[in-house]
Amino acid sequence: MPDPSLTERLLALPLADRIELAEVLWQSIGEGLRPTTEAEALADARRRDAELTSGAVQARSHEEIMTAARRAIGCD
């Protein structure tokens, strides 16, 4: 979990700087992931759709996901 004071300082940056930082961070996330082929991504999407359709998993609303994300990074 990020240091709350660091989060506060970063959120105080001008919008353009926050956008640039977000882009750099987003790109860095992809560097640590295993490359996925289009066929693998499609198979995963089909599997997830089948899980939702069958009721094996329960979908969460956008609000639930955002609340959980904020909590995870200490912005709740």
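## A tour of the salt bridges

Start by selecting arginine 47, which is partly exposed, with a relative accessible area of 40%. You are looking at a predicted model, so keep that in mind as you click along.

Now add glutamate 51 to the selection. Its side chain pairs with arginine 47 in a salt bridge, with the closest N and O atoms 3.0 Å apart. Glutamate 51 is partly exposed too, at 27% relative accessible area. Colour helix 3 and you will find arginine 47 and glutamate 51 both in it, 4 residues apart, about one turn of the helix. Keep these two on screen, as salt bridges with shared partners join Asp44, Arg47, Arg48 and Glu51 into one network.

Next, bring up the other members of that network, aspartate 44 and arginine 48. These two form a salt bridge of their own, and a distance label between the closest N and O atoms should read 3.2 Å. Helix 3, spanning residues 38-54, holds both aspartate 44 and arginine 48, again 4 residues apart, or about one turn. How accessible is each partner? Aspartate 44 has a relative accessible area of 25%, making it partly exposed, and arginine 48 is partly exposed at 48%.

For the last stop, select glutamate 40 and arginine 34. Their side chains meet in a salt bridge, 3.4 Å from N to O. Switch on the surface here: glutamate 40 is partly exposed at 35% relative accessible area, whereas arginine 34 is exposed at 58%.

Before you close the viewer, how many salt bridges are there in the count? The total comes to 4.

Terms used:
Residues numbered from 1 in each chain as written. Predicted model: local features only at pLDDT ≥ 70, side-chain atom pairs only at ≥ 80, totals over all residues. Heavy atoms only, no water. Buried < 20%, exposed > 50% of the residue type's maximum accessible area, 1.4 Å probe, protein only. Helix = DSSP H or I, 4+ residues; strand = E, 2+ residues; numbered from the N terminus.
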